[in-house]
Amino acid sequence: MVVELNTYEAKTQEIAQELIASTRSKKNILARMQEQMRWDDKVLDWAMSNPGLRVQLFRLIDTIPALQSKTEIARHLQQYMSDESVELPSTLKGILNFTDANSFPAQTAAATMTKAVESLAYKYISGETIAEVIKAIEKARKDGIGFTIDLLGEAVITEKEAHSYLEKYLELIEQLSAKVKAWKRQEGIDLVDSETLPQVQVSVKLTAFYSQFDPLDPQGSKEKVRARIKVLLAKAQELGTAVHFDMEQYQYKDLTLAILKELLLEPKYRDRTDIGITLQAYLRDSYQDLEQLIAWAKERGNPVTVRLVKGAYWDSETIKAEQNHWQQPVYNQKAETDLNFERMTRLLLENHQYLYAAIGSHNVRSQAVACAIAESLKIPSRRFEMQVLYGMGDQLAKALGKRGHRVRVYAPYGKLLPGMAYLIRRLLENTANTSFLRQNLANKSVEELIAPPNLPATPSYEEAGDMNNIPHTPHPIPHTLFQNAADTDYADRELRTKAQQALAKVSDALGKTYLPLIDGEYVETTEYINSVNPSREQEIIGKIGLISVEQAENALKAAKSAFPLWKNTPVAERVAILQKAADIMESRRHEINAWICLEVGKILPQADGEVSEAIDFCRYYAAEMTRLDAGYNYDVLGETNRYFYQPKGIAVVISPWNFPFAIATGMTVAALVTGNCTLLKPAETSSVVAAKIVEILVEAGIPKGVLQFVPGKGSVVGAYMVKHPDTHVIAFTGSREVGCRIYADAAILQPRQKHLKKVIAEMGGKNAIIIDESADLDQAVAGVVYSAFGYTGQKCSACSRVIVVETVYDAFVERLIEATKSQNIGETDLPSTQIGPVIDSTARDRISEYIAQGKTESNLALSMDVPTGGYFVPPTIFTDVPPEATIAQEEIFGPVLAVLKASNFDEALAIANNTDYALTGGLYSRTPEHITRVGQEFEVGNLYINRTTIGAIVARQPFGGFKLSGVGSKAGGADYLLQFLEPRVVTENIQRQGFAPIEGND
Ligand SMILES: Cc1cc2nc3c(=O)[nH]c(=O)nc-3n(C[C@H](O)[C@H](O)[C@H](O)COP(=O)(O)OP(=O)(O)OC[C@H]3O[C@@H](n4cnc5c(N)ncnc54)[C@H](O)[C@@H]3O)c2cc1C
């Protein structure tokens, strides 16, 4: 691939040689000796020398500021460093040699390590207070270097925090402006070619202005953010301060650019040139973004500054894309990022009359390219500056300044705890094998360091034609692992438009009648019910015909007669039907999402996860059945033994409304692919979505009589089918009360019945999340809010108890309440909604009774206002809940969260286990010992550590519990299909008259 940068290559080399010499200048012996003695340097050194140690050290550093005593720090130090991946350097071995975390040596080790982490942090963080940061920038100014200031504190999860972020910035610029009045303007910093530049510049993050910033809700996010940044921009203008907008994770990029571009075209802001935007060259679409920004700037008529960086979130972007099976938004190869950075530098600098450039890099080669272009094009100093991060490129900054360029240092300030994410990013960058800084430290040869980025001449690069099309090469997932369907990435505008179009289309198709399907025919019924939108109870989603007991009998008869043929249908044919169904579901994804959203009141991203799950169920069970169909042979001389499976017969599937598509599909296709004739009886409130499943399976080729759609009253036709002597399997998901009744009814042998029935029942939980002292509270608060109030607490996996150890109880509860308060409650087809209604009026009343009960047994800490017109229940938090309280023991299935205090981790675990249920559980902790212990001692079917407890993925997290949470094997797991099958063994004696074939004897 030819990239036209050669014009500047000779000059680039010359400048790079010069810069590199300055960054490698020899230090005097005393300075080196002092450095050798410093623990923070040792930590960095160790991290670079041993990959296992690097991981554990960074994890420990991340945890230390959260710990509240030296004893805990000592304990964590020992636990992290005793991991088997770690090769301990002798100095560390020495200080770890204690047995009691309360002992003097342990306390000394803790103090040493804390000091090391603090010194390390304040290498990259310019101070804790504004006064300290002012000192740091005054020092930089003495070296001829300007500044931009960033306030640390990244995860804004509550509106209170978003307001405080704005307030703190207003305070910051006021204080800085007052301070700079005493400063003399300095050529090359705030005086350039006789033009005065703002003396103060701050860098801000757009998402921090609104806690619910969400690409799925561009309008709502835009309104909130605009209102707040307008306040900042007005103050900044009044005080002569420049404002630069950082760029964060990829999912926010398009919305960030859209908001800023729109705002800066408004007359009030159109002539302001003291505002900046950041672009990240590691993004595959960043070059186009720059082209569009240039076009926009031409239209605007006044430049803004574009800070060009490579990007700080490569690891997390890569992980997120891989986990979601999305295209990786960042390049795969470091050389690709470097090359794109150079292309973008050139494009930006060649358009200097429209946009000012700020080149942010610590890579000498990358900066040299910029210098070479800027110097060749004689770009005026006002339009071009270089930038480095505080503590990352001090030598380089000085060397660039010496060449006569304007240089600015990005100086973050704030406390270590909120600054941890920033610190870890810097440590990763400093110690990554590919990073320029590390390679320079390792004294790699100058020629190699400053060589042009080299892309191998592989066919994929040749085919790509240009850098915008370099193919994404995902990390290979072993082919033995199941490949899950990808959820919709709602950050993609095109997909968002499709989702909205589907919602509109489905809204136009409401109110139709859906009839039962019996023996391949849609049949009329005498009774009908309306399925309504829980967000707007007046809105009828569809009218459903309910079958009578006679029709249930007909359906069972039809199933019985279809069974012999279906049983003998080759597995490959049954499997092909499931695969086709999965493809249809994928092609109708947005439409199905819309039906789920409207019929059961679920917001689109969660409906979308359900459709992925249903697709996965089809494909996974298809693959599983193919595996099982091979059976097992165990042959010995003279005897063959064949182990194989046959279907049980007739399966009755009784599905719930809370996962109307995924669970109903999963249970149904499991029964079908194993060769059973299946009757699907959905919950009444989700019958329209169930009718769509049947529509899809029929289209995919399920023969007449093999699948029947039998909506009806659970207590009448449901019970009739459960008790019927021809029923073999009942697959049920729903309440404990109904599940237990089905289990009991199915156990009774009916007249004519010649088999025992199999019951698979998934019934519910009283799921707890434990928060210990070491937990990352940003992560824990957000995770608990999502787990407790996602789908209004109506997932069987939802968190309904959070058990917090007392050392962090108050801090956690305060943020939990604020974060929940910041959630938007509303109709689920509004993009701003996070919490919707509950399913129907019965549920609303039942949950309200629990809330009344909760008020008598604990402290009501939060009850939110809710809209009218739907089945809304106020999201409610109770604190100081006694472990034995009703609201801490009974499943509520709604937006009610009980917060319990535990004196320590052992007590928290005991409280968590003290219920009738064992479905899901969670732990937020960075204590290795606690993480190990919950794996063994937390009695739940699905345990989630440092993540939400909802959203199990087929094959990756097969789902289901034990105790009174259910009976049967996990859905989406390797044992599930066995429940629909009878295993058989056929043994044949193949000896005749003492003769049997013996291999090799012919
Ligand atoms: C003043 C300033 C402001 C900044 N503001 C922001 C900001 O708003 N948003 C932001 O995200 N970052 C920002 N950064 C951080 C910046 O992204 C990193 O410091 C920078 O990417 C490091 O690049 P480098 O040229 O210094 O180092 P180099 O070592 O040359 O390059 C490191 C870059 O290569 C990428 N990389 C590493 N491995 C691979 C691979 N296998 N495939 C593809 N790429 C790879 C890394 O992700 C990183 O971006 C800012 C930096 C500065 C100096």
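The following dialogue discusses how to read several features of a predicted model.

Visitor: How many helices and strands are there in the protein?

Guide: A count of secondary structure elements is a useful starting point. In this predicted model, the protein has 36 helices and 33 strands.

Visitor: What does the radius of gyration say about the protein?

Guide: The value is read against a rule for globules. Here the radius of gyration is 32 Å, close to the 30 Å that the globule rule gives for 1002 residues, so the protein is as compact as a globular protein of that length. The C-alpha trace spans about 100 × 80 × 65 Å along its principal axes.

Visitor: What percentage of the residues count as buried, and what is the accessible surface of the protein?

Guide: Burial is judged residue by residue, with under 20% relative accessible area as the cut-off. Of the 1002 residues, 58% count as buried. The accessible surface comes to about 40600 Å², and 52% of this area belongs to carbon and sulfur atoms.

Visitor: Which share of the contacts joins residues at least 24 apart?

Guide: Sequence separation is the quantity to read here. Among contacts between residues at least 6 apart in sequence, 77% join residues at least 24 apart.

Visitor: How many positive and negative charges does the protein have, and how far apart are their mean positions?

Guide: One compares the mean position of each kind of charge. The protein has 106 positive and 124 negative charges, and their mean positions are 3 Å apart.

Visitor: In what order do the strands of the open sheet with β16 lie?

Guide: One follows the pairing from strand to strand. Three strands form this open sheet in the order β16-β17-β33, with antiparallel pairing. Its edge strands are β16 (632-633) and β33 (981-989), each of which pairs on one side only. Between β16 and β17 (residues 639-647), the antiparallel pairing extends over two bridges. Asn-633 has Arg-642 in β17 as its bridge partner.

Visitor: Where is Lys-378 placed, and is this residue buried or exposed?

Guide: Backbone angle, location and accessibility can be read together. Lys-378 lies in the loop between α16 (364-376) and β9 (384-389). Phi of Lys-378 is near 50°, a positive value in a residue other than glycine. The relative accessibility of Lys-378 is 69%, so this residue counts as exposed, the cut-off being over 50%.

Visitor: Which loop holds Phe-893, and what is the phi of this residue?

Guide: The reading again joins location and backbone angle. Phe-893 is found in the loop between α34 (886-889) and β27 (896-902). Phi of Phe-893 is near 60°, also a positive value in a residue other than glycine.

Technical notes. Residues numbered from 1 in each chain as written. Predicted model: local features only at pLDDT ≥ 70, side-chain atom pairs only at ≥ 80, totals over all residues. Heavy atoms only, no water. Pairing = 2+ DSSP bridges. Helix = DSSP H or I, 4+ residues; strand = E, 2+ residues; numbered from the N terminus. Rg over C-alpha atoms; globule rule 2.2 N^0.38 Å. Buried < 20%, exposed > 50% of the residue type's maximum accessible area, 1.4 Å probe, protein only. Contact = heavy atoms within 4.5 Å. Areas by Shrake-Rupley, 256 points an atom, 1.4 Å probe, with all protein chains shown as cover. Lys, Arg positive; Asp, Glu negative; His and termini not counted. Charge placed at Lys NZ, Arg CZ, Asp CG, Glu CD.
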